[in-house]
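Reader: Walk me through this one, please, bench-side and without ceremony. Start with the vocabulary, then let me ask away.

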Amino acid sequence: MFIEVVKSKLHKVTVTDANLQYVGSITIDEALLEAANMIENEKVQIVNINNGERFDTYIIKGERNSGIICLNGPAARKCAVGDAIIIISYASMDFEEAKSHKPTLVFPDTATNKLI
């Protein structure tokens, strides 16, 4: 049996931009992606702390050390610049493997989205 578990989490980053006229996705600072063990095009769940919205999208790699967290396309309607969000990715794994799995949890500076 396989189950879905949390693989990675960027906890409380701040939305820096929203681009409604883009095809879709979330742009994330490359340094944050590496720290969280996430990759470009990976499916993620976005949880908006300010308004309770939850939705799925995929990652676009942003400029390293820029602190960028930009919601693109329709996702831009789910978050406003300045909102605090949590970005979560999941992995499917065998039940026994999942028992010992340790997710990668990253807690950046919420004012700058930089690694602490």
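Author: Exposed means over 50% relative accessible area, buried means under 20%, and partly exposed is in between (1.4 Å probe, protein chains only). This is a predicted model, so local features need pLDDT of at least 70 and side-chain atom pairs pLDDT 80 or more, while totals for chains, interfaces and linings use all residues. Residues are numbered from 1 along each chain as its sequence is written, and side-chain values use heavy atoms, leaving out hydrogens and water.

Reader: Which element supplies the largest share of the largest nonpolar core?

Author: That core (buried Ala, Val, Leu, Ile, Met, Phe, Trp, Tyr and Cys joined through side-chain atoms within 4.5 Å) has 20 residues, and Leu-10, Ile-26, Ile-28, Ile-85 and Ile-87 have the most contacts inside it. At least two residues each come from strands E1 (2–14), E3 (25–29), E4 (43–48), E5 (54–62), E6 (69–72) and E7 (84–94) and from helix H1 (30–36). Those labels are DSSP runs numbered from the N terminus, with helices (H or I) of at least four residues and strands (E) of at least two. The largest share, three residues, comes from H1.

Reader: Which residues does Ile-87 touch, leaving out those up to four places away in sequence?

Author: Ile-87 is one of the best-connected members of that core. Counting contacts as heavy atoms within 4.5 Å, Ile-87 touches Ser-8, Lys-9, Leu-10, Val-13, Ile-26, Ile-28, Met-38, Val-44, Gln-45, Ile-46 and Ile-69.

Reader: How many salt bridges does the whole structure have, and where do Arg-64 and Glu-34 lie?

Author: A salt bridge here is a side-chain nitrogen of Lys or Arg within 4 Å of a carboxyl oxygen of Asp or Glu, and the search finds seven of them. One of these joins Arg-64 and Glu-34 at 2.6 Å, N to O. The pair ties together parts 30 residues apart in sequence, because Arg-64 lies in the loop between E5 and E6 and Glu-34 in helix H1.

Reader: Is Lys-43 buried or exposed?

Author: Lys-43 makes a salt bridge with Asp-56, at 3.8 Å from N to O. Asp-56 sits in strand E5 and Lys-43 in strand E4, so this pair links parts 13 residues apart in sequence. Asp-56 is partly exposed at 47%. At 59% relative accessibility, Lys-43 is exposed.

Reader: Which residue forms a salt bridge with Glu-53, and which residues are joined into one salt-bridge network?

Author: Glu-53 pairs with Lys-78, with the closest N and O atoms 3.4 Å apart. Glu-53 is in the loop between E4 and E5 and Lys-78 in the loop between E6 and E7, so the pair ties together parts 25 residues apart in sequence. Both are partly exposed: Glu-53 at 28% and Lys-78 at 31%. As for the network, salt bridges with shared partners join Glu-30, Glu-34, Lys-61 and Arg-64.

Reader: Which side chain does the side chain of Asn-48 contact at 2.9 Å?

Author: Asn-48 is in strand E4 and is buried, at 2% relative accessible area. A polar contact is a pair of N or O atoms within 3.5 Å; within protein, one must be able to donate a hydrogen and the other to accept it, and neighbours in sequence count only if both atoms are side-chain atoms. The Asn-48 side chain reaches the backbone nitrogen of Asn-51 at 3.2 Å. Its side-chain partner at 2.9 Å is Asp-83.

Reader: How far apart are the C-alpha atoms of Lys-114 and Asp-29?

Author: Lys-114 is in the segment after strand E8 (104–106) and counts as partly exposed at 33%. The side chain of Lys-114 reaches the backbone oxygen of Asn-65 at 2.6 Å. Lys-114 and Asp-29 are 85 residues apart along the chain, with their C-alpha atoms separated by 8.8 Å.

Reader: What is phi for Asn-41 and for Asn-65?

Author: Most residues other than glycine have a negative phi. Asn-41 is in the loop between H1 and E4 and is exposed at 57%, while Asn-65 is in the loop between E5 and E6 and is partly exposed at 47%. Both have positive values: Asn-41 is at about 75°, and Asn-65 is near 60°.
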